[in-house]
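Here are a few notes to help you find your way around this structure. Have a look at the model, then follow the points in order.

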Amino acid sequence: MSVVAGCDVGSLATKAVIMDKRRIVASVIIRSGPRPAESAQKAMDQVLSESGLLSGDISYCVGTGYGREKIPFVNESLSEISCHGKGAMFLVPSTRSVIDIGGQDCKVIKLDAKGNLVKFITNDKCASGTGRFLDVMAKVMNIPVSELGDLSLTSREPITLASMCTVWAQADVIKNINARRPAQDICAGINTAMANRVSMLANAMSLENDICMTGGVAKNKGVVHALARLMGKRIKDIRQVDPQLVGAVGAALFAHEKAGKTKEARS
Ligand code: ADP
């Protein structure tokens with residue numbers, strides 16, 4: 001059996017995927033704790049239990065994400081850029097550009113037809129344009145971040161946030177709540193501000209209509225729609241798995257390739 005695993009320890013969420021012959025057999029997403037090694041172990045224990053497998057059944061494991069260097073059980077660790085690119089192209093083969101928005105950064109990645117990295121750009125200097133911006137705003141709105149997207153899609157008169165800075169935008173949201181602006185209009189303003197920030201980064205890369213969005217924020221349809229509108233491009237949907245898992249899927253795919261090579265070298 002060629003069972004492999006990918007483990008993506010992110011700043012906010014830890015994701016683990018088990019694959020057998022490039023087919024996903026189990027996956028989990030848990031909240032990251034302060035210690036990446038513990039988050040990774042917890043995610044791995046859960047995904048093994050979900051699959052009914054034991055750690056000894058995993059022939060190769062690749063780690064990725066912000067905490068990748070701290071994962072004790074991996075055979076190797078690889079960058080999130082490589083893993084998101086790999087995962088996105090596997091799930092949507094026509095993908096040549098990936099926009100990954102996670103908890104603390106945003107990356108725009110360009111790939112060639114073979115999936116090799118052509119170039120990338122990242123914003124990790126500021127919370128605006130990251131999932132944390134949305135988490136802060138959802139908290140101020142007193143709604144779960146998972147509802148921010150659908151709610152915004154029902155807006156008729158979106159507000160415009162005066163600033164993209166998380167601190168000032170937060171004050172602006174509070175002002176609009178106190179002015180009794182409808183929640184859906186405030187949510188639409190928040191998602192558009194987020195999309196604005198990301199589109200600035202994406203526009204610097206001259207993307208085509210071959211874009212796939214990955215990371216937890218890809219689940220926010222309000223951000224995805226606003227981004228597509230601002231860039232004037234189509235964004236392809238990932239349907240087979242939760243888009244937050246794409247980095248871990250990519251890591252498992254690399255593990256699959258490495259396991260194959262190790263087996264070849266032994267025979
Ligand atoms: P990281 O790898 O940095 O931990 P993730 O790719 O896991 O980041 O994404 C985390 C972000 O995803 C959160 O900041 C949050 O804004 C967003 N998110 C998580 N779950 C959902 C959901 N169900 N709907 C919308 N957004 C979500």
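**Notes for a first look**

1. Let's start with charged pairs: a search of the whole structure finds 12 salt bridges. Please keep in mind as you read that this is a predicted model. Several residues join up, with Arg68, Glu69, Glu80, Asp100, Asp105 and Lys107 linked in a network of salt bridges. Within that network, the side chains of Glu69 and Arg68 meet at 3.9 Å, N to O. Glu69 is an exposed residue, with a relative accessible area of 64%.

2. Another pair worth finding is Glu76 and Lys258, which form a salt bridge with their closest N and O atoms 2.8 Å apart. This pair links distant parts of the chain: Glu76 belongs to strand S5 (residues 76–77), Lys258 to helix H8 (residues 246–266), and 182 residues separate them. Lys258 counts as partly exposed because its relative accessibility is 24%, a value between the 20% and 50% cut-offs.

3. For a pair within one helix, turn to Lys175 and Asp172, whose side chains meet in a salt bridge (3.5 Å, N to O). Both lie in helix H5 (residues 166–178), 3 residues apart, which is about one turn of the helix. Is each partner buried or exposed? Lys175 has 56% relative accessibility, so this residue counts as exposed. Asp172 has 8% and therefore counts as buried.

4. Now step back to the overall layout. The domain assignment gives domain 1 (1–92 + 242–267) and domain 2 (94–237). Taken over C-alpha atoms, the centres of domain 1 and domain 2 are separated by 26 Å. In contact across the boundary are 15 residues of domain 1 and 28 residues of domain 2.

5. How much area do domain 1 and domain 2 bury between them? The figure is about 1,600 Å², with 69% of it on carbon and sulfur atoms. Ile81, Met89 and Val92 supply 41% of the area that domain 1 buries against domain 2, more than any other three residues.

6. The same interface has polar links too. Between domain 1 and domain 2 there are 2 salt bridges, and 7 residue pairs are in polar contact across the interface (both at pLDDT 80 or more). Helix H2 (residues 80–91) gives the most to the side of domain 1 that touches domain 2, with 6 residues. By class, that side of domain 1 has 9 nonpolar, 4 polar and 2 charged residues. Do also look at Lys107 and Glu80, which form a salt bridge with their closest N and O atoms 3.3 Å apart.

7. Ser97 deserves a close look. This residue is found in strand S6 (residues 97–101) and, at 1% relative accessibility, counts as buried. What does Ser97 touch, leaving out residues up to four places away in sequence? Its contacts are Ile109, Lys110, Leu207, Asp210, Ile211 and Cys212. With Asp210, the Ser97 side chain makes a side-chain polar contact of 2.8 Å.

8. Finally, please check the backbone at Lys21 and Arg22. Lys21 has a positive phi of about 50° although it is not a glycine, and Arg22 also has a positive phi, near 60°. Lys21 lies in the loop between strand S2 (13–20) and strand S3 (23–31), and Arg22 is found in the loop between S2 and S3. Lys21 counts as exposed, at 58% relative accessibility, whereas Arg22 counts as partly exposed, at 43%.

Terms used: Residues are numbered from 1 along each chain as its sequence is written. This is a predicted model: local features need pLDDT of at least 70, side-chain atom pairs count only at pLDDT 80 or more; totals for chains, interfaces and linings use all residues. Side-chain values use heavy atoms; hydrogens and water are left out. Helices (H or I, at least four residues) and strands (E, at least two) are DSSP runs, numbered from the N terminus. Buried means under 20% relative accessible area, exposed over 50%, partly exposed in between (1.4 Å probe, protein chains only). A polar contact is a pair of N or O atoms within 3.5 Å; within protein, one must be able to donate a hydrogen and the other to accept it, and residues adjacent in sequence count only if both atoms are side-chain atoms. Contact means heavy atoms within 4.5 Å. Domain bounds come from an automatic or database domain assignment. Buried area is the accessible area (1.4 Å probe) that two parts lose on being put together, summed over both. A salt bridge is a side-chain nitrogen of Lys or Arg within 4 Å of a carboxyl oxygen of Asp or Glu. Ala, Val, Leu, Ile, Met, Phe, Trp, Tyr, Cys and Pro count as nonpolar, Asp, Glu, Lys and Arg as charged, and the others, Gly among them, as polar.
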